[in-house]
Amino acid sequence: MTDSSARVLVVDDEPYIVEMLSMSLRYAGYRVSTAHSGAQAQREAAVNPPDLVILDVMLPDTSGFDLLHRLRTNHQPPVLFLTARDSVEDRVHGLTLGADDYVTKPFSLEEVVARVGAILRRAGAGATAEVALLGYADLTMDEDGHEVWRQGEPISLSPTEFALLRFLLRNSGRVMSRAQILEHVWHYDFNGDSSVVDSYIRYLRRKVDAFDPPLIETVRGVGYTLRLPRQLR
């Protein structure tokens with residue numbers, strides 16, 4: 001069991017799934033709220049902002065993909081998609097939209113609870129960062145405050161983007177393989193599918209490398225690194 005007091009919002013239109021997930025999460029020490037539709041999820045999130053959302057992709061009144069955007073209008077909770085749609089395309093699509101993990105039905109309750117814990121650890125819920133500030137070139141990260149700036153301008157990142165950038169910052173100048181990134185950022189091998197790393201690197205580049213010079217470098221056949229272009233080193 002965990003001493004976490006994090007609040008988890010479970011959104012699914014199947015009462016049995018909601019009940020079983022709620023019981024397992026409460027047993028693990030989490031506070032749990034529930035919703036059976038997109039509209040109900042939005043109302044619940046407004047009253048009790050969650051630290052994490054478990055979200056079914058197929059809801060009676062909306063798509064979970066669309067609901068993810070609405071839930072993050074005023075709040076940025078990490079999201080775990082829970083769905084019967086198990087194609088690689090659907091999984092990568094959900095992750096590229098900003099979800100933090102993706103579990104397909106049927107699932108193991110123990111696995112879902114474990115992944116919730118891993119996501120919350122990446123998001124820093126209830127944890128103290130080892131190093132308060134990280135920096136490279138004109139990029140600065142406040143680990144305690146969960147904030148990032150480039151050239152003095154704030155950059156808004158999802159929890160997984162933040163965890164990925166933190167890993168690259170802590171290893172700036174070193175080339176990290178996709179396997180290393182999966183192990184340290186996602187904490188498991190994602191069923192051998194490293195495309196999630198490529199998707200999140202692209203997503204992170206749109207924000208971090210919107211400034212000059214670009215800092216995230218691809219080393220073909222090896223992986224990724226955070227460093228200045230060769231001519232500026």
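Contact, in these legends, means heavy atoms within 4.5 Å, and helices (H or I, at least four residues) and strands (E, at least two) are DSSP runs numbered from the N terminus. This is a predicted model, in which local features need pLDDT of at least 70 and side-chain atom pairs count only at pLDDT 80 or more, while totals for chains, interfaces and linings use all residues. Residues are numbered from 1 along each chain as its sequence is written, and side-chain values use heavy atoms, with hydrogens and water left out.

**View A. The buried and exposed sides of helix α2 (residues 38–47).** What covers the buried residues of α2 includes β1 (7–11), β2 (31–35) and α3 (64–71). The buried residues (under 20% relative accessible area, with a 1.4 Å probe and protein chains only) are G38, A41, E44 and A45. They lie on the same side of α2, because they cover an arc of only 125 degrees around the axis, taken from the directions from the helix axis to the C-beta atoms. R43, A46 and V47, which are exposed (over 50%), sit on the face turned away from the buried side.

**View B. The crossing of helix α6 (residues 159–170) and helix α8 (residues 195–208).** Their axes, which are lines fitted to C-alpha atoms over the stretch in contact, with angles from 0 to 180 degrees between N-to-C directions, come within 10 Å and cross at roughly 85 degrees. The two helices are therefore roughly perpendicular (65 to 115 degrees). T160, E161, L164, L165 and L168 in α6 meet residues of α8, including Y200, I201 and L204.

How values were computed: Parallel < 35°, antiparallel > 145°, perpendicular 65-115°, else oblique.
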